[in-house]
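Hi,

Here is the structure I promised to pass on to you. Have a look at it first, then read my notes below.

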Amino acid sequence: MIDILDKTDCTGCGACAGVCGKSCIDLLPDDDGFLYPVIDQARCVSCHLCEKACPVINYPGKVNAEKTFSAYANDSSIRRTSSSGGVFYLLAEHILRNHGVVFGAAFNPNLIVEHTCITEIRDLPKLQMSKYVQSRSHDVYLSVKQYLAKERPVLFTGTPCQIAGLKGYLKKDYDHLYTQDIICHGVPSPLLWESHKQYIKNSMGITLTNVEFRNKTKGWRNYDINYIDRQKSHLISHDDDDYMKIYFSKICLRPSCYRCAFKGENRASDLTLGDFWGVEKVMPEMDDNKGTSIVFCNTEKGMDLFSEISDKLTCKEVSYEEAVASNPMALKSVSESFRKDRFYRILKKRSYQKTVHRFLKQQARMKKSVALKNDYIIVKNEKGALFAVLWKIVHRHKYLA
Ligand SMILES: Cc1cc2nc3c(=O)[nH]c(=O)nc-3n(C[C@H](O)[C@H](O)[C@H](O)COP(=O)(O)OP(=O)(O)OC[C@H]3O[C@@H](n4cnc5c(N)ncnc54)[C@H](O)[C@@H]3O)c2cc1C
Ligand code: SF4
Ligand code: SF4
Ligand code: SF4
């Protein structure tokens, strides 16, 4: 029976729950809103299937990016509605045109993010664009297996840990299964996203019907988050939006994201997509601030699928090193803030608005008063000595990536 001793290990992929023949594993939210397996021990028959499926216990394998590309869709409307270069749309469209099905993260009618399956091109917008919250993915694993059994081509997309989870669940490879993951910064908890939605509804007085995390009206780099009330847009720059500020502040991610086991070559996917940050330095001719993707072709199968859409792309090969130079999340985890545990603790006691503003204020103050010297963090305020000692201990135990 699966036993999570350290919460930083479990990604919440749900492979363990999916394979349990006795249905005695449920994925339930912890106090911070992250999903973890909970086992009904009375019904467990100690078959160990859950342990065998867990991609953290049995690592699914390594890839070696065969080729790396800088790419974007030639159709500007596809790029406009995608986070980076629109490569996902073209891959998915190709699979759908070939009698296949596509799985990815979508908003449900309550704007909760969960994996869903589409079979029609007209439904592709549901899966387009990054949603910066953990998607519930394990409910669709059985459906993936059923489509594969019917010999339908399947494209399964998600975070690297979700691809590893699916592979752990399936236990075998299929020629007609294609997997695509993303360069992943990490995911906040669904509970945080619920609190933010409530705050937006109350503070802006709107009925929230959709959200675009990466609206490109002002360009790919200076993107806005778009809160949509029926047809009406409410754009807020990502630099000014509370949720995006907290997302990038290292305090709200799932514990496993600070020690992610699926970075660099430790992926289980055929293809990896990301934003080609730094493209203006490496190949300025591929940059018009409308969104350029990095594409890692991790397997031959991934390379073949990518070749199938090449006539719809502007594309140039690039070295792996140049591609990741300005994108550290491709290789390493976000470093952990010592304020992380306090953030969720206080969020449970106080209002979302008060908690977020308090932490963002503290962060702005700390930015001014914190300096790095010889591996030590020197905090220049009256609590400086205490902070410096804490960081030294954390650093020595390699909790930082
Ligand atoms: C949580 C998250 C963190 C990211 N962090 C980085 C980063 O640090 N650096 C970087 O270069 N790129 C990052 N990306 C990837 C990047 O933003 C684009 O998604 C990627 O480049 C593909 O872009 P696209 O234009 O081809 O397709 P898009 O249409 O923008 O992307 C759609 C794809 O994203 C998937 N997706 C969307 N939301 C989620 C979710 N919550 N969970 C799982 N899958 C999801 C969909 O299933 C679909 O496959 C992140 C994406 C997400 C969702
Ligand atoms: S050991 Fe078998 S029965 Fe028990 S939880 Fe794991 S999969 Fe289910
Ligand atoms: S299979 Fe996934 S959800 Fe289950 S324990 Fe392992 S990482 Fe966690
Ligand atoms: S950072 Fe790693 S553990 Fe976190 S969501 Fe991304 S792939 Fe999963």
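Ligand 1 is surrounded by 33 residues, and the closest of them are Ser 82, Ser 83, Gly 104, Thr 157 and Gly 274. Keep in mind while you look that this is a predicted model. What mix of classes would you find in the shell around ligand 1? Counting by class gives 15 nonpolar, 16 polar and 2 charged residues. As for the parts of the chain that contribute, helix H4 (87–97), strand S4 (101–107), S6 and strand S11 (271–275) each give at least two residues to that shell.

Now go over to ligand 2. There are 14 residues around ligand 2, and those that come nearest are Cys 20, Cys 44, Cys 47, Leu 49 and Cys 50. The shell here splits into 11 nonpolar, 2 polar and 1 charged.

Next, the sheet. It's an open one with 8 strands and mixed pairing, and if you walk across it you meet them in the order S5-S4-S6-S7-S11-S12-S3-S13. Which strands sit at the edges? Those are strand S5 (113–118) and strand S13 (313–317), each of which pairs on one side only. From one strand to the next, the twist averages 25°. S4, S6 and S11, which you met around ligand 1, are also in this sheet.

Try zooming in on strand S3 (residues 67–73). On one side, 5 bridges join S3 to strand S12 (residues 293–297), and the two run antiparallel. You can check this by finding Phe 69, which stands opposite Val 295 in S12, and Lys 67, which stands opposite Cys 297 in S12. S3 is also joined to S13 by 5 bridges, again running antiparallel. Look for Ser 70 there: its bridge partner in S13 is Lys 316. Why is S3 described as largely enclosed by the rest of the structure? Because 6 of its 7 residues are buried. A residue counts as buried if 20 or more other C-beta atoms lie within 10 Å of its own.

There's a helix to find against the sheet as well. Helix H6 (residues 160–170) lies across strand S6 (154–158) and strand S7 (177–182), and H6 runs at about 135° to S6.

Don't miss the hairpin of S1 and S2. Strand S1 (residues 25–29) and strand S2 (residues 35–39) run antiparallel and are joined by 5 bridges. Asp 26 in this pairing stands opposite Val 38 in S2. Between the strands are 5 residues, and in this hairpin Gly 33 takes a positive phi near 95°.

Finally, zoom out to the whole chain. Its secondary structure comes to 14 helices and 15 strands. The C-alpha atoms fill a box of roughly 65 × 60 × 45 Å along the principal axes. For 401 residues, a compact globule would have a radius of gyration near 21 Å, and the chain has 21 Å, so the two agree. Of the 401 residues, 42% are buried. And if you take the contacts between residues at least 6 apart in sequence, 67% of them join residues at least 24 apart.

Have fun exploring!

Note on methods: Residues are numbered from 1 along each chain as its sequence is written. Chains are lettered from A and ligands numbered from 1 in the order in which they are written. This is a predicted model: local features need pLDDT of at least 70, side-chain atom pairs count only at pLDDT 80 or more; totals for chains, interfaces and linings use all residues. A residue is near a molecule or strand if its C-beta atom, placed from the backbone, lies within 6 Å of it. Ala, Val, Leu, Ile, Met, Phe, Trp, Tyr, Cys and Pro count as nonpolar, Asp, Glu, Lys and Arg as charged, and the others, Gly among them, as polar. Two strands pair if DSSP finds at least two bridges between them. Helices (H or I, at least four residues) and strands (E, at least two) are DSSP runs, numbered from the N terminus. Axes are lines fitted to C-alpha atoms, for helices over the stretch in contact, and angles run from 0 to 180 degrees between N-to-C directions. Two residues are in contact if their C-beta atoms, placed from the backbone, lie within 7 Å. A residue is buried if 20 or more other C-beta atoms lie within 10 Å of its own, exposed if 12 or fewer, and partly exposed in between; C-beta atoms are placed from the backbone. The radius of gyration is taken over C-alpha atoms; the globule rule is 2.2 Å times the number of residues to the power 0.38.
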